[in-house]
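This report concerns the arrangement of two protein chains and of selected residues within them. Please consult the sequence and the structure shown here.

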2 protein chains.
Amino acid sequence: MDTNHTPPVSLGAKAGKETVRRHNLSLVLRAVRDEGEATRAGIASRVGLTRAAVSSLVEQLIGSGFLSESGKTFSGQAGRPGTVLKMARTGPAGIGVEINIDYVSVCVVDLSGTDRVRLTEHIDNRGAPPAEVLARGARIAARTLESAAEQDLAPVGAELALPGLVSAGTVRQAPNLGWNRVPAEEHFARALARLRPGAGPLPVSSENEANLAALAELWFGGLGSPRTFLYLTGEIGVGGALVIDGELLRGAHGFAGEIGHVVVDPDGPLCRCGARGCLEQYAGQSALLRAAGMDPDAGVPGVTELARRARGGDATALEAVGRAGRMLGRVVSGAVNLFDPDAVVLGGIYRTLMPWLSPSVDRELTARVVSGLWPAGSGRLRASSSAGDAARGAAALVVRAVLADPSAYVSRA
Amino acid sequence: MDTNHTPPVSLGAKAGKETVRRHNLSLVLRAVRDEGEATRAGIASRVGLTRAAVSSLVEQLIGSGFLSESGKTFSGQAGRPGTVLKMARTGPAGIGVEINIDYVSVCVVDLSGTDRVRLTEHIDNRGAPPAEVLARGARIAARTLESAAEQDLAPVGAELALPGLVSAGTVRQAPNLGWNRVPAEEHFARALARLRPGAGPLPVSSENEANLAALAELWFGGLGSPRTFLYLTGEIGVGGALVIDGELLRGAHGFAGEIGHVVVDPDGPLCRCGARGCLEQYAGQSALLRAAGMDPDAGVPGVTELARRARGGDATALEAVGRAGRMLGRVVSGAVNLFDPDAVVLGGIYRTLMPWLSPSVDRELTARVVSGLWPAGSGRLRASSSAGDAARGAAALVVRAVLADPSAYVSRA
């Protein structure tokens, strides 16, 4: 990815040396990211380069706006005190744009992974033509970019988080939006370019929203987060993702994780995907609200009301959530038998409903996972962290590309 | 792994140079394995080492019995003709020991991956104490080792293929054998040592049998074999394995792939695992035979008879196989939605029943996999290759360890 702000260096003939320097720039930058604050001497000892080599790399990273000096000094070991370095709070950043069924959420994440700007609009995206929905997303992104610019943050790429099967820039299918073969990146990029006539084009890529939410959980879920887990997110649809030893499982065609369309009852209600009795028809937001005798289109406020009723002991609400939990538990136990994860993480509306949902999910897991591998009260069923969501995961994915190869974003000057 | 035949070299102080040489020995050996036949010059150009370096490595590999000269010469390029090298048909090998519910199958595979000795006994292993079953396996293995010795093959390690949850040398649970926490490697190794008082101990390791059958499919399934696939094997139980981009998915605890215990009907028949309505209760060998009105314990001859009846158009047989196919299809479609494989491969008794089983499995997949990702007649549902089975996969796993580090098996002489 490159932008008008930060054209990539051309490697030319000295590729051998340049390759090593590119690698080492990334190494140093990631060392500071991992430490939070670091001195040149500390980095040298951590990454195994000489102090002189690290100093040269650090100068380039400061000059290009990746690192800043905090003003503090630190004298830990022998030798003169070192100036403390940290990730720049300005300059290169990532923007994530989650276009979901009943909201759009955009966020800008800086190089340290901190969420710096967030703009969310609750808006029903069903019914409108795909190009219009993506233009709406671009308008919200453009406003977010204005806020970012005021903080001197310059995203180098945008990542779209989309509720469907995403491959090669195109949404193959997003049943709940009614999208089929929508060239999402192209629509979005064109609309955004029209809104920012002076600016150069921002590279756009895209990914399934549950996959990005799972990555956000992996990266920002805090210490002790599992590295191998099944992630489910309850929205109007039910999204899923599998993270194996810190890596997202994409599958042979990029479509892995579609747990919302695992069958619960082959003779069950017709699903938007065309099959019958999918999990989504039992544990999706609309199905849950309907089962509780509420308006299935009541959205997030409806889920909040459902949680309020459950907390108050309303029998209909408790039965609706308990039933959804049983169906979730059946499907999740199958997935656990297949994948043997460390943990199952529930996000989206399931976070809100966790106190009433998790007992029945856990009960099914204990009954159905083979060989007592899911003992009661294992604590391996957990709510997602509040830090993780698809928009942040998307923005962080852009930032990780920068950290993996800062040279590609370094100005030549 | 080491044996009395081939003690590993000690690395000592010159670890740097030795490490490079170890790596290069493996590189050269695997180049010959991949090519089948190769000259020193051909290897040098393939692996990017000098002709002199390759010659030195080849001499060591010949001297240690890994490579042999075929007698043929080959003059492809400029320069004098080169002697053709191939993998030795004698010397280091692997032995795989599959202890399944109603049979034990042992095979020895040579360095080229060829199945050289096979001994299978159809015998019911249910009911006997685990130590006795493993001693039985050791007796069959000892006989196989005698045959191997007559062919001058000397297995350097044994791999057990076991129908249950295997971790750290222990079978945590094998429901159809009634095993719980059985130290299988220890029992087997002790029994084998007693049978071969003169010989040094043979290192023993172990793995789930469906995992090893899937690896055999990956390695020996022939050109065009999928690299990302779901493997199911129908036996008395239903085993499963997931291969992702050529690597076995083991899961967080080594227990991934237990598709036989994914729930079909939460109120279905009680399974040996303790849960209700597992796939095994609908598509396992006994369930299938029972549904066809046959003796559920009729074993492989029973399955052959079932296939004969189905071929003859027997309505009860066809309905039994069709129903098992529908249940398989439901569970497999869920797994495909989760994991997005290139192919689904059916082994074990499903190979025999494929003509009557696959239409109903395929129909469920087409109906239930999201977004038309499993179009009718895709050809992505296939029978396993006849070349692949758990015993051969087990033996080949030992051989791969040799190929990965031949130095560890090279005699010092």
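The following text treats the relation of the chains, an aromatic pair, a helix contact and three buried sites.

This is a predicted model, in which local features need pLDDT of at least 70 and side-chain atom pairs count only at pLDDT 80 or more, while totals for chains, interfaces and linings use all residues. Residues are numbered from 1 along each chain as its sequence is written, chains are lettered from A and ligands numbered from 1 in the order in which they are written, and side-chain values use heavy atoms, without hydrogens and water.

**Relation of the chains**

A turn of 180° and a shift of 0.0 Å along the axis lay chain B on chain A with an RMSD of 0.1 Å, the copies being superposed by least squares on the C-alpha atoms of residues with pLDDT of at least 70 in both. This is the relation of a two-fold axis. Both copies use the same surface, as 100% of the contact residues of chain B recur in chain A; contact means heavy atoms within 4.5 Å. Within chain B, the residue closest to the rotation axis is B:Ala335, at 3.8 Å (C-alpha).

**Aromatic pair**

Rings of Phe, Tyr and Trp (its six-membered ring) pair if their centres lie within 6.5 Å; planes under 30 degrees apart count as stacked, over 60 as edge-to-face and the rest as tilted. By this rule there is 1 aromatic pair over all chains. Its members are A:Phe339 and B:Phe339, whose ring centres are 6.3 Å apart and whose planes stand at 70°, so the pair is edge-to-face. The pair crosses between chains, from helix α10 (residues 315-339) of chain A to helix α10 (residues 315-339) of chain B.

**Helix contact**

In chain B, the axes of helix α6 (residues 209-220) and helix α12 (residues 390-404) come within 7 Å and cross at roughly 70°; axes are lines fitted to C-alpha atoms, for helices over the stretch in contact, and angles run from 0 to 180 degrees between N-to-C directions.

**Buried sites**

Buried means under 20% relative accessible area, exposed over 50%, and partly exposed in between (1.4 Å probe, protein chains only). A:Phe339 and B:Phe339 are both buried.

| Residue | Relative accessible area | State |
|---|---|---|
| B:Ser384 | 4% | buried |
| A:Val344 | 0% | buried |

Apart from neighbours within four places in sequence, B:Ser384 is in contact with residues including B:Glu217, B:Tyr231 and B:Arg351.

Key: Helix = DSSP H or I, 4+ residues; strand = E, 2+ residues; numbered from the N terminus.
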